[in-house]
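Here are my notes on this model, set out point by point. Please read them with the coordinates open.

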Amino acid sequence: MDKAFEGKKLLILGGNPETTPLVEIANSMGIKTIVSSGRHTDPAKKAAWKSYDVDGMDVPGLIALARDEQIDGVLVGVADVLVPSYCKVCNALELPCYATQQIVDVFAFKDVFKTTCERYGVHGIPEYYLDAEMKREDLDKIRYPVMIKPVDNGGGVGMTVAYNEAELKEGVKKALDASNKKRFIVEKYMLCDDMGMYYTFKDGYCSASCIYDRYTTDEQPGLSRVCLGGTYPSKHLEKYFLRMHENAVRMFKEIGIKNGVLMLSGFYENGEFYVYDTGFRLQGEAPHLLMKAIHGFDQREMLIRFALTGSEGNIDLETDDMARLRGKWAGTLWFLLRQGKIEKIEGLDNIKGDKRVVANIQRLHAGDVVVPEWIGNEKQVLTRMYLVCDTKEELAECLKEYQDKVKVYDVNGNNMVLNGFDVDIALELK
């Protein structure tokens with residue numbers, strides 16, 4: 001790894017497990033990493049050179065910390081809610097920032113993002129008008145089922161599916177409790193193909209790095225459908241480029257995105273695409289790990305370089321990036337756990353010897369407890385496994401193999417792992 005940044009100090013906002021690999025990459029570049037978050041026990045802090053318990057929403061506290069430490073750059077970890085803080089801290093310290101206040105204003109809140117998308121022909125999920133007063137005339141217009149979401153949270157936090165008015169009212173309360181801005185939206189509950197559209201930006205050039213299909217669990221009624229994994233490239237890739245890609249690129253350009261990485265989450269139904277979420281930062285899903293394995297460049301390193309220099313380096317996205325993955329097939333497996341205490345984990349011991357597995361990001365371990373409030377969001381994920389294969393058939397075989405052999409048992413000997421997705425249907429093999 002390039003040691004040009006030896007001794008530089010990088011402040012990373014947020015300490016969740018998904019941020020840990022970002023810290024480790026910076027460490028390998030010789031950088032003195034400083035992780036700050038409100039929880040003393042956050043996992044990414046264990047990997048850092050130094051850590052502080054200044055909350056990521058405490059902008060004055062972060063600015064004071066950065067000045068005391070004489071940091072050379074700031075970077076947000078894997079947390080949407082911290083992007084506004086990241087922007088403000090960078091601006092106050094006059095350090096490079098891939099976000100601007102205009103971009104933050106669009107992406108920080110789901111309702112603002114949705115309105116912006118519509119102006120560019122990027123459609124959102126059909127929505128019902130409802131506010132905290134829940135007026136009778138508004139309630140009577142709702143057709144169930146619906147999804148209730150806080151406007152400023154992600155990863156399934158505060159999200160609920162409602163099949164009747166009583167469930168809707170409970171869902172609104174849950175969404176408001178999870179929203180710093182005390183705002184929520186109510187949308188049609190979509191039962192169709194789920195997708196991810198992942199973009200990389202460098203000096204104003206926008207590249208669609210990967211378009212993929214995502215599969216979610218239906219074992220947790222009434223809760224957000226947490227992801228079970230994905231397959232790359234999407235079966236709808238060509239249609240996406242024909243119908244939505246150019247509109248999305250025009251939107252990105254006009255709101256001023258020049259550098260960074262961005263995810264759009266969407267649905268495909270009856271020939272139309274509907275975007276439902278976004279994240280202007282590294283993703284917990286971590287498609288960048290597949291990009292590194294297939295294309296050879298590391299988006300984490302790009303963002304670290306930008307934080308310290310204002311440049312993402314020498315990568316040429318026009319030649320180095322390719323949504324069709326150079327003919328490869330890739331996939332991810334998320335293993336979701338039921339409530340309980342983890343006693344034993346099987347099936348992950350020999351994973352490092354499998355060349356098809358390019359990465360495995362494990363969040364939970366033996367002795368950890370999956371608590372009720374984790375069910376229905378990404379905190380119930382045991383691990384995320386990343387696979388790259390030469391053919392679709394090889395990928396199918398690998399996905400099935402690990403779905404079969406990974407087991408997690410609780411203290412009573414019960415298997416805690418939820419069912420995976422149907423690989424043959426996902427890859428259109430039957």
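1. Status. This is a predicted model. Everything below should be read as computed from it.

2. Helix α12. This helix covers residues 299-309 and is mostly covered, with ten of its eleven residues buried. The buried set is Q299, R300, E301, M302, L303, I304, R305, F306, A307 and L308. Note that charged side chains are in that set: R300, E301 and R305 are among the buried residues. An α-helix has 3.6 residues a turn, so residues three or four places apart point the same way. Burial here runs without a break from Q299 to L308.

3. Ends of α12. What happens at the start of the helix? A side-chain oxygen of D298 comes to within 2.9 Å of the backbone nitrogen of R300. Just after the helix, G310 has a positive phi of about 85 degrees.

4. D321, a point to check. This residue sits in the loop between α13 (317-320) and β14 (329-336). D321 is buried, yet it has no salt bridge. Which side chain of opposite charge is nearest to D321, and how far away is it? It is R326, at 6.5 Å. A salt bridge would need a side-chain nitrogen within 4 Å of a carboxyl oxygen, so R326 does not qualify.

5. Surroundings of D321. The side chain of D321 does make a polar contact of 2.6 Å with the side chain of S209. Leaving aside residues up to four places away in sequence, D321 touches T200, S207, A208, S209, M291, H295, F297, D316 and R326. R326 is therefore in contact, with heavy atoms within 4.5 Å, although its side chain forms no salt bridge with D321. Another acidic residue, D316, is also on the contact list.

6. The eight-stranded sheet. The sheet is open, and its strand order is β13-β12-β9-β10-β11-β14-β18-β16, with antiparallel pairing. Its edge strands are β13 (272-279) and β16 (357-362), each of which pairs on one side only. From one strand to the next, the twist averages 25 degrees.

7. One pair inside that sheet. Strands β9 (residues 193-202) and β12 (residues 260-269) pair in the antiparallel sense over nine bridges. To fix the register, take M195: its bridge partner in β12 is G266.

8. Cis peptide bonds. Two deserve a look. The bond from Y144 to P145 is cis, with omega near 0 degrees. P145 is in the loop between α7 (136-139) and β6 (146-150). The bond from Y232 to P233 is also cis, with omega near -5 degrees. P233 lies in the loop between β11 (227-232) and α9 (237-243).

9. Positive phi outside glycine. M134 has phi near 50 degrees. M134 lies in the loop between β5 (127-128) and α7. E428 has phi near 55 degrees and is found in the segment after α15 (423-426). Is E428 buried or exposed? Its relative accessible area is 51%, and the cut-off for exposed is over 50%, so E428 counts as exposed.

10. M159. This methionine is in the loop between β6 and β7 (160-162). Why does M159 count as buried? Because its relative accessibility is 7%, and the limit is under 20%. The C-alpha atoms of M159 and F241 are separated by 30 Å, and the two residues are 82 apart along the chain.

Notes. Residues are numbered from 1 along each chain as its sequence is written. This is a predicted model: local features need pLDDT of at least 70, side-chain atom pairs count only at pLDDT 80 or more; totals for chains, interfaces and linings use all residues. Side-chain values use heavy atoms; hydrogens and water are left out. Buried means under 20% relative accessible area, exposed over 50%, partly exposed in between (1.4 Å probe, protein chains only). Helices (H or I, at least four residues) and strands (E, at least two) are DSSP runs, numbered from the N terminus. A polar contact is a pair of N or O atoms within 3.5 Å; within protein, one must be able to donate a hydrogen and the other to accept it, and residues adjacent in sequence count only if both atoms are side-chain atoms. Lys and Arg count as positive and Asp and Glu as negative; His and the chain ends are not counted. Two strands pair if DSSP finds at least two bridges between them. Axes are lines fitted to C-alpha atoms, for helices over the stretch in contact, and angles run from 0 to 180 degrees between N-to-C directions.
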